[in-house]
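I opened a fresh page to keep track of what I look up in this structure. Here are my notes, in the order I took them.

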Amino acid sequence: MIRVTVWNEHRHEQQDPAIAAVYPQGIHGQIASFLQTAGFITRTATLDEPEHGLTQAVLNETDVLIWWGHIAHHEVADSVVERIQQRVLKGMGLIVLHSGHMSKIFKKLMGTSCDLKWREAKEQERIFVIDPTHDIVKGIPESFMLEKEEMYGEHFDIPAPDETLLLSWFAGGNVFRSGITYKRGNGRIFYFQPGHESYPTYYHPHIQTIICNGVTYCAPRGNSYPVYGNEKNIYPITGAVK
């Protein structure tokens, strides 16, 4: 069974009654709920817990970490970010949602600003599948509409993705690479754009399916992590080469 930790800074839901009404158990609680229904072993963690709920012990028992953050990126301790990065390099999967593109961990793994254009409006978003062969979009139609989302637009300052799976068009005219993957070390990373805190995006069945598929895709494969550093000859030449 795949073990998932859903991390959320959990500030909007505590500060804004309207957002709390959309996500009464927090964004993390809603995501964890549909993951549990899908059969994953799920736990949650939030910013204000000791070590942000992401102790070494928790991360060691996590196959895939899901990350949602927005207004408190700067409050995440660098030591925890380093801890997460090392787990990703050694094989833990990472799914970064919506405004998590500006999180310390995503920027650290990407090595760029990860900035983009945005417009906070109740705007329609149509999401197109552009790689129908990929496991993350299994069960998803060629395109589907979200009636309300926050616009994210190009240029998105990220390294060229290993795979671009989803492309979004917004009613205001912008487009965005809304579903992309990377590999870092032994770890797989999936960035997925939809999920503004004010809108019920994480109740949408196609969004839930994509995230569930993403968990399965990002789960560790059990590959050995290389040993680095000084090394003696391991295949010494014992005779003359003819």
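Before anything else, a word on terms: helices are DSSP runs of H or I with at least four residues, numbered from the N terminus. I also remind myself that this is a predicted model.

**Entry: helix α5.** I started with α5, which covers residues 78–89. This helix has 12 residues and reaches 16 Å from its first C-alpha to its last, close to the 16 Å expected at 1.5 Å a residue. Right behind α5 I found G91, with a positive phi near 130°. Which residues of α5 are buried? I noted V80, V81, R83, I84, Q85, R87, V88 and L89. I then looked up what these buried residues pack against: α4 (56–60), α6 (104–110) and the strands β3, β4, β8 and β9.

**Entry: the sheet.** Next I traced the strands. There are 9 in an open sheet with mixed pairing, and I read their order as β2-β1-β3-β4-β9-β8-β7-β5-β6. β2 (41–46) and β6 (143–153) each have a single partner strand, so one side of each is left without a neighbour in the sheet. Neighbouring strands are turned by 25° against each other on average, direction ignored. I checked one pair up close: β3 (residues 64–68) and β4 (residues 93–97) run in the parallel sense, with 5 bridges. Where does W67 find its bridge partner in β4? The partner is V96.

**Entry: helices on the sheet.** I turned to α3 (residues 26–37), which lies across β1 (3–8), β2, β3 and β4 and runs at about 160° to β1. Helix α7 (residues 205–218) packs on the sheet too, and the strands I saw it touch include β1, β3, β4 and β9. The direction of α7 makes about 165° with that of β9.

**Entry: α3 against α7.** How do these two helices pack? I read an angle of about 70°, with the axes 10 Å apart. Angles of 65 to 115 degrees count as roughly perpendicular, so α3 and α7 are roughly perpendicular to each other. On the α3 side the contact is made by Q30, F34 and L35, and on the α7 side by Q208, I211, C212 and V215. Sorted by class, I get 5 nonpolar, 2 polar and no charged residues.

**Entry: A219.** Last, I followed the chain into the segment after α7, where A219 is found. Is A219 buried or exposed? A219 has 8% relative accessibility, so I logged A219 as buried. Leaving out residues up to four places away in sequence, A219 touches I2 and V64. K232 is 13 residues from A219 along the chain, and their C-alpha atoms are separated by 34 Å.

How values were computed. Residues are numbered from 1 along each chain as its sequence is written. This is a predicted model: local features need pLDDT of at least 70, side-chain atom pairs count only at pLDDT 80 or more; totals for chains, interfaces and linings use all residues. Side-chain values use heavy atoms; hydrogens and water are left out. Two strands pair if DSSP finds at least two bridges between them. Axes are lines fitted to C-alpha atoms, for helices over the stretch in contact, and angles run from 0 to 180 degrees between N-to-C directions. Contact means heavy atoms within 4.5 Å. The expected span of a helix is 1.5 Å times one less than its number of residues. Buried means under 20% relative accessible area, exposed over 50%, partly exposed in between (1.4 Å probe, protein chains only). Angles under 35 degrees count as roughly parallel, over 145 as roughly antiparallel, 65 to 115 as roughly perpendicular and the rest as oblique. Ala, Val, Leu, Ile, Met, Phe, Trp, Tyr, Cys and Pro count as nonpolar, Asp, Glu, Lys and Arg as charged, and the others, Gly among them, as polar.
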